[in-house]
Amino acid sequence: MPIRIYVDGGLFDEKTAVIPVFDRGFLYGDSVYEVTRTVGGKPVDLEPHLSRLERSAEAIMLPIMPRPVIMNALAETLSAAGNPDSYIRVIVTRGAGELGLDPDLADKPRLIIVVKPLKLPPGDLYRDGASIAIVGVRRNLRRAVDPAVKSGNYLNNIMAFAEAKRAGAYESIMCNAEGLVVEGSTSNIFAVKDRVIRTPALEDGLLDGITRRRVLQIACDAGYALEQVHMRPDDLRLADELFLTSSVRGVMPVVRVDGMPVKDARPGTVTRELMALYDQFLARVAVGTL
Ligand SMILES: Cc1ncc(COP(=O)(O)O)c(C=O)c1O
């Protein structure tokens, strides 16, 4: 059973898994979620993902269930799916209730876990590099729903992605209201210049990506100079190398910005070293030494 979906204590496939139409996750995106993968059957960075899920829930005043409930449900779902490796999505909605915005109308939080066979992005994106477009759609303000909250309301990012797709790019890069580069629709962005690795500072309004953090740690251990900065669109256009990070992508090189080549339009040496180091990290997770 490669696709298994946990809803309200039961396990289903994608045809039989259902949630009530009055669930606020469906109605309003009134939910929080996390995505990760397994390697060697073990969830990658589960602890930081669950911590972020709890922080997201707290930020939107959603009274999330205790962590062991989620961990047990995840173990049950993974085991029922029985995939060599899986994609994992953990969703907690505020629950169902009478129509209306008042959060107190919700009955109780609903846990949904989707486990599917892991499908990584096509290999040519890693070999040849991806393209990004710096889009007009702005990342929402930290004083609106803070982009640090991984909520089920992704319309902002959907619009950004659609704009990039229309421009023929693989991923969109959004700026904040001040015009500073913040992040992709489902990824964090890094720029390398003279072997210094830079990424937008969290204070500029972006998701504190788990892979971003992991890559910063790996790069620090490898002796690289790292900076979290106010990043401008020109910092991307004039970089020596660019790459994206996310839990399912890992580290992915970027070779074009708005159709223009980054340097020689080949994945750079720093990026390739970080890709290899991230693979080594995954290999350690797989054998249980991390
Ligand atoms: C908006 C956004 N930024 C960054 C990321 C990357 O975060 P992570 O490394 O935790 O997967 C994601 C992942 O989906 C995302 O949706």
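Helix 2 is followed by Met-61, a residue whose phi is positive, near 55 degrees; helices (H or I, at least four residues) and strands (E, at least two) are taken here as DSSP runs, numbered from the N terminus. The structure is a predicted model, in which local features need pLDDT of at least 70, side-chain atom pairs count only at pLDDT 80 or more, and totals for chains, interfaces and linings use all residues. Residues are numbered from 1 along each chain as its sequence is written.

The value at Met-61 deserves a second look, as the residue is not a glycine. Most residues other than glycine have a negative phi. Met-61 sits in the loop between helix 2 and helix 3 (67–81), and is exposed, with 8 other C-beta atoms within 10 Å. For burial, C-beta atoms are placed from the backbone, and a residue is buried if 20 or more other C-beta atoms lie within 10 Å of its own, exposed if 12 or fewer, and partly exposed in between. Arg-195 offers another case, with a positive phi near 65 degrees in a residue other than glycine. Its place is the loop between strand 10 (188–193) and strand 11 (196–200), and Arg-195 is exposed, with 12 other C-beta atoms within 10 Å.

Helix 2 itself covers residues 46–59, 14 residues in total, and reaches 20 Å from its first C-alpha to its last, close to the 20 Å expected at 1.5 Å a residue. The expected span is 1.5 Å times one less than the number of residues in the helix. Which residues of helix 2 are buried? They are His-49, Arg-52, Leu-53, Ser-56 and Ala-57. These residues cover an arc of only 140 degrees around the axis, which puts them on the same side of helix 2; the arc is that of the directions from the helix axis to the C-beta atoms. An α-helix has 3.6 residues a turn, so residues three or four places apart point the same way. The buried residues of helix 2 pack against strand 3 (31–39), strand 5 (86–93) and helix 6, where contact means that the C-beta atoms of two residues, placed from the backbone, lie within 7 Å.

Helix 3 can be described along similar lines. It has 15 residues and reaches 21 Å from first C-alpha to last, close to the 21 Å expected at 1.5 Å a residue. Ile-70, Leu-74, Thr-77, Leu-78 and Ala-81 are the buried residues of helix 3. They cover an arc of only 100 degrees around the axis, and this puts them on the same side of helix 3. On the face turned away from that buried side are the exposed residues Pro-68, Val-69, Asn-72, Ala-75 and Ser-79. The cover over the buried residues of helix 3 includes helix 2, strand 1 (4–7), strand 2 (10–12), strand 3, strand 5 and strand 6 (110–117). After helix 3 comes Gly-82, with a positive phi near 65 degrees.

Turning to the ligand, 14 residues surround it, and Leu-207, Gly-209, Ile-210, Thr-211 and Ser-247 come nearest. A residue is counted as near a molecule if its C-beta atom, placed from the backbone, lies within 6 Å of it. The elements that give two or more residues to this shell are helix 6 (210–221) and strand 13 (241–246). Helix 6 gives the most, with three residues. By class, the shell has three nonpolar, nine polar and two charged residues. Here Ala, Val, Leu, Ile, Met, Phe, Trp, Tyr, Cys and Pro count as nonpolar, Asp, Glu, Lys and Arg as charged, and the others, Gly among them, as polar.

Strand 13 also holds Ser-246, which counts as buried with 23 C-beta neighbours inside 10 Å. Leaving out residues up to four places away in sequence, Ser-246 touches Thr-186, Ser-187, Gly-209 and Thr-211.

Over the whole protein chain there are eight helices and 15 strands. The radius of gyration is 19 Å, close to the 19 Å that the globule rule gives for 290 residues, so the chain is as compact as a globular protein of that length. This radius is taken over C-alpha atoms, and the globule rule is 2.2 Å times the number of residues to the power 0.38. Buried residues make up 41% of the 290 residues. Among contacts between residues at least 6 apart in sequence, 70% join residues at least 24 apart.
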